[in-house]
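Here are my notes after a look through the model. Have the structure open beside you as you read.

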Amino acid sequence: MRNFLFAAMICCAVSFSLFAEENQANEETKESTVEAAEAPAEGEAAEAEEEENKLAFERKPYFNATVFGGVSTGINIEDGDVNKEESYEFGLDNLILNFQGGDRMFNGRAVVDFGSVDDEGKMTLDIIKNVSFRMQHPSFRNAAGTFGLDVNLEAGLFSMPFGIENGYDHEVAFANSAIKEDFFGGAFNDLGVSLGVDLIFSKESDLAITLFTFNGANETVLDGEENIFRAPAFGVDLRFNKTGDFYATAAASLVVGKAYRNYGFDVVYNLSEEGEIESYKNGESLDQDKNNVLMAIGADLGYNVNDNISVGFKAEFGLAHRALYNPDFENGKLISDGVKDADSALTSWGLFAMPYATLWDVDMMARVSYFKAPFYDATIASKDDSNLGVNIAVIYNFCDYAGLELDYDFNRATFHGYGEKNETVSESLNTHSIALALSGAFDFLWEEESK
């Protein structure tokens, strides 16, 4: 009996072992089948992801219209006294219509700013900020789709690529920069043409190299002539861009153009042997064949912590080397206290630094700027004139279409001249302003649906 039970137990054990091995074999077969079935799916996902990362260029018709405007009021204080003429009144900061359209390869743009009026409140052609045509041609993509090259051509009236703060005021927060507006005279929103190549390293990084020429009508640092085609300017711009959570833009720009001596008044000299009087208004009739070199180096670095928080830092250094023509007439020179050489030059510079941040619905920044006079003011002493500015702004975007902005601006302008004993004297004017502004924007975008 014991032998029978022992034999039965052995049979059961062998049967159980064979059953277990069979089940294990079946499980392995099922797993192999599942893995075999899943392998193509994972492969397809990998291929889809790889395809998505390729630098494809998609032509898609679109039209975009943007309306942006703002009004403000505030208090202006000069050397401790309230300037009643410039305080408490509501002013139109800007009213901009921005139209863009095309198919991503051939695009057109028109920008009109009804806030750009003259001192008498009359509208002029200055309200037209952009009427231009742009072509972006995807000239090269490597086989792996990881490197590309675009050729960009733009022509018309548009903002030349110069410095870190080029562009339109409504496109860049806190764009009211003293360096751009006062030192560089509003940058270079002029009539011209640009040709560039964009080296695309990934969907998040590229290097753009642009050559451009324009009419050089900038009144501050170029000729500013009414004859807008008299003295064209030429420039080059290198710009590296990186997007993503950590974003960065680094720009280096150079412009070479003609410069004339803007004296700010009419100079009259007796030049002829017959005693005829000839007038030279702002040096316009004098030798214009003098070059002016302008340079800007800047960077914008930032980090998007999450969807609600981001921080950044922006800075720029600008340099202007301006040639002057100061001929020696029988009764003096155009610069009243004289420059010994007719050919002389003025080198001036400016810089700014600006940390900024976004916290949920609030944008904020603090900017410090400083620049030397971009040209003389009829005396050699005025070459040391300078301007120091501090700007602090906080914007509360209480909805998708409007924001409320609080600004504090401090400006210290220093002027140099001569005293009664012909000694050099200086005078500074301190200005404070506190302003409250309300801005609104509406954006409409139509684009063809992907097929």
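Helices and strands here are DSSP runs, numbered from the N terminus. With that in hand, Trp 360 can be placed in the loop between strand E17 (343-359) and strand E18 (362-372). Keep in mind throughout that this is a predicted model.

1. **The overall picture.** The protein comes to 2 helices and 21 strands. Of its 451 residues, 37% are buried. Looking at contacts with a separation of 6 or more, 61% are between residues 24 or more positions apart.

2. **The E17-E18 loop.** Back to Trp 360: this residue has a positive phi of about 55 degrees, although it is not a glycine. Why does Trp 360 count as exposed? Its relative accessibility is 55%, and the cut-off for exposed is over 50%. Asp 361 is found in the loop between E17 and E18 too, but counts as partly exposed at 45% relative accessibility. Leaving aside neighbours within four places in sequence, Asp 361 is in contact with Ile 395, Tyr 396 and Asn 397. Its C-alpha atom is also 7.8 Å from that of Asn 308, a residue 53 positions apart from Asp 361 along the chain.

3. **Another positive phi.** Most residues other than glycine have a negative phi. Arg 104 has a positive phi of about 75 degrees and is not a glycine, so have a look at that spot as well. You'll find Arg 104 in the loop between strand E3 (91-102) and strand E4 (106-113). With a relative accessible area of 29%, Arg 104 is partly exposed.

4. **Strand pairing at the two ends of the strand list.** Which strands pair with E21 (residues 424-447) over 17 bridges? One is strand E1 (residues 62-78), which pairs with E21 in the antiparallel sense over 17 bridges. Within that pairing, Asn 64 has Leu 445 of E21 as its bridge partner. Strand E20 (residues 402-418) also runs antiparallel to E21 and is joined to it by 17 bridges. Here Tyr 418 stands opposite Thr 424 in E21.

5. **The largest nonpolar core.** In soluble globular proteins, nonpolar side chains tend to be buried together. The largest nonpolar core in this model has 26 residues. Phe 162, Phe 188, Phe 214, Leu 222, Val 255 and Leu 294 have the most contacts inside it. Two or more residues of this core come from each of H2, strand E8 (205-214), strand E10 (246-258), strand E13 (291-304), E17 and E18. Beyond its sequence neighbours up to four places away, Phe 162 touches several residues, including Phe 184, Phe 188, Val 255 and Leu 294. The list for Phe 162 also has Asp 237, Arg 239 and Ser 253.

6. **Phe 183 in H2.** Phe 183 is found in helix H2 (residues 178-183). Is Phe 183 buried or exposed? Phe 183 is buried, because its relative accessible area is 0%. Apart from neighbours within four places in sequence, its contacts include Thr 220, Val 221, Leu 319, Trp 349, Phe 371 and Pro 374. The C-alpha atoms of Phe 183 and Val 221 are 8.1 Å apart, with their positions 38 residues apart along the chain.

7. **Ser 177, ahead of H2.** Ser 177 lies in the loop between strand E6 (148-159) and H2, and is buried at a relative accessible area of 1%. Its side chain makes a polar contact with the side chain of Glu 165, at 2.7 Å. Not counting residues up to four places away in sequence, Ser 177 touches Glu 165, Asp 182 and Arg 367.

8. **Cavities.** How many cavities of 30 Å³ or more does a search of the whole structure find? There are 2. The largest cavity holds about 70 Å³ of space. Among the residues lining this cavity are Phe 162, Glu 165, Ile 179, Lys 180, Phe 184 and Glu 316.

9. **Ser 386.** This residue sits in strand E19 (residues 386-399). Ser 386 has a relative accessible area of 15%, which is under the 20% limit and therefore makes it buried. Leaving aside neighbours within four places in sequence, Ser 386 is in contact with Tyr 370, Phe 371, Lys 372, Arg 412, Ala 413 and Thr 414.

Methods. Residues are numbered from 1 along each chain as its sequence is written. This is a predicted model: local features need pLDDT of at least 70, side-chain atom pairs count only at pLDDT 80 or more; totals for chains, interfaces and linings use all residues. Side-chain values use heavy atoms; hydrogens and water are left out. Helices (H or I, at least four residues) and strands (E, at least two) are DSSP runs, numbered from the N terminus. Buried means under 20% relative accessible area, exposed over 50%, partly exposed in between (1.4 Å probe, protein chains only). Contact means heavy atoms within 4.5 Å. Two strands pair if DSSP finds at least two bridges between them. A nonpolar core is a set of buried Ala, Val, Leu, Ile, Met, Phe, Trp, Tyr and Cys residues joined through side-chain atoms within 4.5 Å. A polar contact is a pair of N or O atoms within 3.5 Å; within protein, one must be able to donate a hydrogen and the other to accept it, and residues adjacent in sequence count only if both atoms are side-chain atoms. On a 1 Å grid over the protein atoms alone, a cavity is a set of points where a 1.4 Å probe fits but cannot get out, and a pocket is an open set with protein on both sides within 12 Å along at least five of seven lines; lining residues have an atom within 4 Å of a point. Grid points are joined across faces, edges and corners, and a volume is the space filled by probe spheres set on the points.
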